[in-house]
Amino acid sequence: MLNEEQNSLEEKGGENKNEKETPLKGIHSKIPSLKQALEQTISKIKSSKEFFKQLSRNKKKLYIALGILLSLIALIVILSLLLGHKKESQPASLQTNTATTNNETPNNTNNANNAQAEGQIENLDLPDLIGKDSLKRSDENQVDAMMKKASLLYEQGQKDEALHLFDKAASFSQGIASHNLGVIKFKEKDFNGALDLFDSSIASKENASVSAIDALVSAYHLQDEDLYYHYLKIVRDTLYKDYKKSFYSYAYALKSYYAGEYFEALSPLMHPNSNAFLKPNARLASKLFLMFKDETNAYKQLQKSANAQDELALGLLQARLGHYKQALEHLQHYLHNYPKDLNALMALELVSLKKGDTLKASEALKLASHTKEDALLANSFYPIKPTINPVFLDKERAKERFWNTQYFEGKRDFIYRLLFYYAPFKVLDSKETLGVIEEGLFLLDSDTQKDLEGASLAFKRGRLMAIADKNALKGLKALENKRLKKALSFFDLSLKNSPNNALLHYNTGLIYAQLENYHKAYFHFLRAFHLNSADYLSAIFAILASHFTHEDTTEFLREITENFYSQDFSSPTQKALLSSLIAYLNYRTNWDMDWLKNTPKKLPFYYALEAVFAKESKDKKLMVQSFGNLKKMLPKDLISNIFYEIVSYYDASIRHTLSIYTLLDSHKISWDQTMQGPILGRHFYTYMGFMVNDLDHQERLLEQKIASLEEKEAPNDWLENLALVSLFQGQYEKASALYQNLISDLKDNETRLKILAGLTYIAQNNYDSAALWLELGKLDDPNNENIRYALGLLYQRKGDLKSALNHFLAIKTSDFSSPYFDFEIDTNLLKERLNQEEKGEFLE
């Protein structure tokens, strides 16, 4: 039992750092009955010199006695092997939490924890004394050699030396038997009985340090502090005598471990004096590395001794390192052998969520919450704490991940937003309105037959269309100054008077897309295409919007692609543009932008698409050229100016673009247009301010602007930007108050505001308020996956695994990653639950 059970001591080991400062809790062991046959065996083993003196008078009896003694030793060894491993059928493993966003580790995960409460001793994985063979074979051989030498000395007349060796052999045999029987008693949780036998082994003075270590652990389980330190002293006093033994380095490490000298314990483990204890050596080293929060070496060491039961621990260690793919492999191997293990199922669910595989997470959660009892127990293993995405907190991390996850090398989200940002609005054509009025005049002035009723209807329709045109023109004028919400109000009025105007639907859809209300954008783009089947740009934009609403437009894209190539176009530029867009949507690699060179009138949208092509073809020079052209065409535009600076450092760290700081504070940028224009520009302004430490300056500018607004001017855009600045500053109470003012008082019901309001409340650990705002957002946009993900996390924290499951199942994206929400293991709640379980209060 030298590679002694350390699982229960791993968490409690820290209590022993300052010896005797924290009293143990008292004896609460339950002693089972002893096996009568083994008791009789022990009572027959004596170490008296008189016994050998009697035998020495009759050499024949001496050899018979020696044979019987050796047979007894072999019998005891066999019984030890059979009984000592009798109860190793249940899985036991080192347990660590997953995790996704804890400050103690770089991968947002949390500290290790055992599924059972501290102090419990179920499923102990107790090692043998010094490996499987040391005190069973090698020491048996040692006794045999000792006996042979004693017999030879006796025959040579050296009776005193012979008797001394016979006495030593008997003591050694008694020590072996007592120790191995003590191991059996320990495994039966008869700690008092084990102590008696370990004391007997210690008294033999052979391998006393080994028995003292095992006695120390027995005293720990009896919660007897005095005994614990008594045996620790014996270990310290006797271990030096065994420095030549194969178990010495491992025993020294155990002594240091149980004394709370964890750093000192590592040295003998990393430099063992023999190969006798490589596996238990590696297991203890793994525990120690984990105590020092070195998950990498903990994983490497545990791998050296891992069995099927350790796959769970290995998976959790990989999760702590953020290696979710490897973590899933280990967890799936474990569940192959233990498919109903709730602990492993919950670990699989959380790791799958971190990896973005909500389907696999849902499957694991469904299995773990099959019954109410299962759900209650499953939720106790890894209580989660919803958090905001680290991109809102860690500047350096945001800089390092800028290229890979935020913009060019990530998903297509940003590319689609960029295309919407530069997409052209369409100018109204009043010919249709004039045609309707002329139709009314014809019916009124006809020489043959006047149609007064028809003329009246035509004039009414013409009047409404004229009003629609008038409002639409006001909307277009507002768009020139990038005042999107004001323009939207005019286009809404236009649509009330002219609901079947395809052009109005296109412009309204584009405003919603730039305001990132993709649900409404999708509706208006699709409506525009249905009203005008030749408007392929509306169809393409509907497909781009569906990327965010998660509508299945696969069949729609196929039809558009097939019909496009049979369509006649009067403008070669229009055909080339649409052809490039359709090729991009179909993930083709053979499209190009050569047509742009011969285009007579170049639009910003064309250069934006060229930048996308440059990104796809990894042509940095062309990308710089594209944004350079955009900068020339739109000299006061924030995105054009900043991205021209950024792409010059493509694939470099964003921290090198120091010119951005100067650009943000310069008068080159139209600040008013940025703050009231597309959401992409507003958010990018704040995001870059966050990375270059300009948020305080932005906050002052916004507060001054809000204070200077006239009474009739709507403050919504400015308040929304101030709220976002406050969120990045970590002023969550201020941000939540601003969002509540926008939604409740100013009646700004945009879904994104409710998401951000929920985010601020999560940052304050106010989960009930967060859930309220997110549920309101779900009413507006039931398919919003960020809302579904956040609500799933909130319900899981609450213990409502069924509701959490329903929300995760609503996420259709195969590789989902929320830009807003994340989670970590709530270690404080976990400790509370473990304390409750220890007291018998939890799950009653």
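1. Helix 12 and its buried residues. The buried residues of helix 12 are P280, N281, A282, R283, L284, A285, S286, K287, L288, F289 and L290; a residue is called buried when its relative accessible area is under 20%, exposed when over 50%, and partly exposed in between, with a 1.4 Å probe and protein chains only. Because 11 of its 14 residues are buried, helix 12 is largely enclosed by the rest of the structure. Helices here are DSSP runs of H or I of at least four residues and strands are runs of E of at least two, numbered from the N terminus.

2. Basis of the model. The model is predicted, and local features need pLDDT of at least 70, side-chain atom pairs count only at pLDDT 80 or more, and totals for chains, interfaces and linings use all residues. Residues are numbered from 1 along each chain as its sequence is written, and side-chain values use heavy atoms, with hydrogens and water left out.

3. Length and end of helix 12. Helix 12 covers residues 278-291, and its 14 residues should span 20 Å at 1.5 Å a residue, which agrees with the 20 Å between its end C-alpha atoms. The expected span is 1.5 Å times one less than the number of residues. K293, which follows the helix, has a positive phi near 60 degrees.

4. Helix 27. Helix 27 covers residues 536-549; its 14 residues should also span 20 Å at 1.5 Å a residue, and the end C-alpha atoms are indeed 20 Å apart. Of these 14 residues, 13 are buried, so helix 27 is largely enclosed by the rest of the structure. H550, just after the helix, takes a positive phi of about 65 degrees.

5. The chain as a whole. The protein chain contains 43 helices and two strands. It has 844 residues, of which 55% count as buried. Its accessible surface comes to about 39000 Å², with 50% belonging to carbon and sulfur atoms; the areas come from the Shrake-Rupley method with a 1.4 Å probe, and for residues only the protein chains shown count as cover. Among contacts (heavy atoms within 4.5 Å) between residues at least 6 apart in sequence, 66% join residues at least 24 apart.

6. The annotated repeat. An unreviewed UniProt entry places the feature "repeat: TPR" at residues 502-535. UniProt positions are given in the numbering used here, feature names are shortened, and annotations may be inferred rather than shown by experiment. Over residues 502-535 the chain is 79% helix and 0% strand, and the end C-alpha atoms are 9 Å apart.

7. Aromatic pairs. Rings of Phe, Tyr and Trp (its six-membered ring) pair if their centres lie within 6.5 Å; planes under 30 degrees apart count as stacked, over 60 as edge-to-face and the rest as tilted. By this rule there are 38 aromatic pairs. The rings of Y228 and Y229 form an edge-to-face pair, because their planes are at 80 degrees, with the centres 5.2 Å apart. Y228 is buried at 1% relative accessibility, and Y229 is buried with a relative accessible area of 10%. The rings of F627 and F643 have centres 5.5 Å apart and planes at 25 degrees, so this pair is stacked. F627 lies in helix 31 (residues 620-633) and F643 in helix 32 (residues 638-647), so the pair ties together parts that are 16 residues apart in sequence. Both F627 and F643 are buried.

8. Aromatic cluster and charges over rings. One aromatic cluster is formed by F420, Y506, Y518, F525, F541, F548 and F605. A charge sits over a ring if NZ of Lys or CZ of Arg is within 6 Å of the ring centre and within 35 degrees of the ring normal. K354 lies over the face of F823, at 4.5 Å from the ring centre, and R412 lies over the face of Y584, at 3.7 Å from the ring centre.

9. Residue N721. N721 belongs to helix 37 (residues 716-729) and is buried, with a relative accessible area of 2%. Apart from neighbours within four places in sequence, N721 is in contact with M675, R682 and L702.

10. Residues K355 and L829. K355 is in helix 16 (residues 342-355) and is partly exposed, with a relative accessible area of 38%. Leaving aside neighbours within four places in sequence, K355 contacts Y324, K325, L328 and D815. L829 lies in helix 43 (residues 827-838); its C-alpha atom is 9.3 Å from that of Y382, although the two residues are 447 residues apart along the chain.
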